[in-house]
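Colleague: Please walk me through this model before I plan my reading of it. I will ask short questions.

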Amino acid sequence: MDYFSTGLNIFSLAGLSAVHIYFCTGLTGRKRRAGYFVPYMLLFCLLDWIANKFSLPWAVTIGAGLFILYGVNRFFLGNRPWVSWAAAILANYISQISFGLMNSVEAVLFPHVTDLMLLRAMLIAATAVSLAVSAACYGAVIKSIAPEEIGSAANALCLLIPVLFFFTAELYIMQTSYTRAVFYDVLSPVLLLENAGKHTALLVLQALGLGALFCTLYAYRHLCRSLREKAKMQSLAQAVQAQKRYVAEAQMRWEQTKAFRHDIKNHLSVLRGLLNSGRVHEGKAYLQKLETASALLSFPYQTGNPVVDILLGEKLEMAKADGIAADVSLLLPSSWGIDDFDLCVIFANALDNAICACQSVEGEKSIRIGGERQGDFYMLAFENTCSEEPLPPAGIGLSNIKAVAEKYCGAMLAEKKEGRFSLSVLLNISLHPESISIQIS
C-alpha cells in the first residue's frame, strides 16, 4: 500500500471539503458549523473510495461530487435549488481550476525532479498551494457577491449559466489533457503529458479562465445592483405620484374649505333671516344643507395636517374594508419644519406595510397610530397585528422611512413582539429650513 499517496489524497479531500463548506456558507449567508463539514467530508471520501474501487468513469465521479455538494447546500444549509446549484458549480469550478493551474506548473517542473523525498515534498507543497489558491478565490467571490444578490431565481440563473460554461470548459480541458482527474488524484501530475509547451499554454488558458470568471462576477454584481436601483426608482416614482395626488387633493380641499368659510357669514345671515321670520321648517332644511356641505369638507381623522388627514382617510378606509380596526391618536404640530412630501413617505409606506401584514393573519386585525412630542423631537408610532413568522429583511418601504428619519437627524426602529409589529420614527422638529440655511451661510 502506498501510504504517502493515501495520506496525501486524504489531506487533499479534507482540505477541499473544508474550503467548499467555507465557500458555500459564506456565499449564501449561512452560519458555519462543524456539523456541515464532517458529513460532507465523509461522503466525499466515500465517493473517492468507490471511484477508485470500481473504476467509475471520470464524468460519473465528477457529477456525483457535484450532486453531493448540491445536497449539502439544499438540505443542510437550507438554500433554494437555484442557489444550491450556483454555489455547488462555483465551488467545484474554482477548486478544479486551482488544482488545474498547479497541475500545469507541476507538469513543467516535476519531470526534472529525480529525488523521491524532494518529489514528495513538492507534491505536498503543490496540494497546499492549490488549496490556498482555492480559499483565496473563494474569499474574493464571497466579497464580490452579497447573499441577497444570489437569492433570486433570475439573478442566480444569470450567474449559473456562464459559470456552468466555465466549469464545462475546464472539465473538457482536464479530460483531454490529463490521464486522470486531478480533483480526485493529486498524484496524477507525475503522469501528465511530457510536452512542457502544451502545459504552459494550458496554464495561461486556465489563468484566463479564472480571470474571465471574476470579470463575470464583476458584471453580475453591477447587474444586480442596477436591477435593485431600478426597482427602487420604480417604487419611488410610484410613491411620488401617489404623494403628489395626496398633496393636490389636500390643496383642493383646503381651497374648498376657505371658500366655505368665506361664504359662511352669508349662509348664517340667510339662516337667521329664516328663523326670525318664523320659517322654521325652511330654516331646518337650509341647516341640513349646510351640515351636508360641511361634512364633505371634513376628514375622518383630524391630525392638524391636511395631507396626512387625506392619506389616513384613504388608507384606513381600505383597511376597514378588509376588517382591520384602526385607532388614530395623533395631533401634529402646526409648524415643525417637516415637509409634507416626507410625511407622505413615512405614512404611506408605514400604512401599506401594516395593511399587508394584517391581511396575512386570521382573527382580530388592528392598526394603531400615535405620536407625541419629546423635547426637540417628535415620535411617530405605528403598531399592527402580524404573523408569527420571523421578521423579514427591511424592504424598500422601511428603507425610505429610514432615509426620511435620517434626513431630519432622527432614527427609525422596527421590532416584533408577540404577534405585533411596531414601527417608531423619531424626527428632530427643531431643524427648520430657515435655521438650517442660516447655519450653512
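What follows is a set of questions and answers on helices, core, surface and salt bridges.

Modeller: This is a predicted model, in which local features need pLDDT of at least 70 and side-chain atom pairs count only at pLDDT 80 or more, while totals for chains, interfaces and linings use all residues. Residues are numbered from 1 along each chain as its sequence is written, and side-chain values use heavy atoms, with hydrogens and water left out.

Colleague: What span does helix 2 reach from its first C-alpha to its last?

Modeller: Helices here are DSSP runs of H or I with at least four residues, and strands are runs of E with at least two, numbered from the N terminus. The expected span is 1.5 Å times one less than the number of residues. Helix 2 has 21 residues, with 30 Å expected. The model comes close to that, at 30 Å.

Colleague: Why do the buried residues of helix 2 count as lying on the same side?

Modeller: Buried means under 20% relative accessible area, exposed over 50%, and partly exposed in between, with a 1.4 Å probe and protein chains only. In helix 2, the buried residues are Tyr36, Tyr40, Met41, Phe44, Leu47, Asp48 and Ala51. They share a side of helix 2 because their arc around the axis, taken from the directions to the C-beta atoms, is only 125°.

Colleague: Which exposed residues does the face of helix 2 turned away from its buried side carry?

Modeller: An α-helix has 3.6 residues a turn, so residues three or four places apart point the same way. On helix 2, the face turned away from the buried side carries exposed Ala34, Leu42, Lys53 and Phe54.

Colleague: Which element gives the most to the nonpolar patch?

Modeller: A patch takes residues with over 30% relative accessible area and no salt bridge; like charges are joined within 9 Å, and nonpolar side chains (Val, Leu, Ile, Met, Phe, Trp, Tyr) within 5 Å. Leu43, Leu46, Trp49, Phe54, Leu56 and Val60 form this one, with about 570 Å² of accessible area together (Shrake-Rupley method, 1.4 Å probe). Leu56 sits in the loop between helix 2 and helix 3, and is partly exposed at 31%. The most, four residues, comes from helix 2.

Colleague: Which residue in the loop between helix 2 and helix 3 has a positive phi?

Modeller: Most residues other than glycine have a negative phi. One residue in the loop between helix 2 and helix 3 has a phi near 50° and is not glycine. At 60% relative accessibility it counts as exposed. That residue is Ser55.

Colleague: Which helix supplies the largest share of the largest nonpolar core?

Modeller: A nonpolar core is a set of buried Ala, Val, Leu, Ile, Met, Phe, Trp, Tyr and Cys residues joined through side-chain atoms within 4.5 Å. The largest has 48 residues, and Phe23, Leu90 and Leu213 have the most contacts inside it. Helices 1 to 7 each supply at least two of its residues. The largest share, twelve residues, comes from helix 4.

Colleague: How many residues apart in sequence are the parts tied together by Lys315 and Asp352?

Modeller: A salt bridge puts a side-chain nitrogen of Lys or Arg within 4 Å of a carboxyl oxygen of Asp or Glu. Lys315 and Asp352 meet at 2.8 Å, N to O. Lys315 is buried at 9%, whereas Asp352 is partly exposed at 35%. Lys315 lies in helix 9 and Asp352 in helix 10, so the parts tied together are 37 residues apart.

Colleague: Which residues do salt bridges that share partners join into one network?

Modeller: Glu383 and Arg368 meet at 4.0 Å, N to O. Glu383 lies in strand 3 and Arg368 in strand 2, so the pair ties together parts 15 residues apart in sequence. The network joins Arg368, Glu383 and Arg420.

Colleague: Which residue with a positive phi follows helix 11?

Modeller: Helix 11 has twelve residues, which should span 16 Å, and its end C-alpha atoms agree at 16 Å apart. The residue in question lies in the loop between helix 11 and strand 4. Its relative accessible area is 48%, so it is partly exposed. With phi near 55°, it is Cys409.
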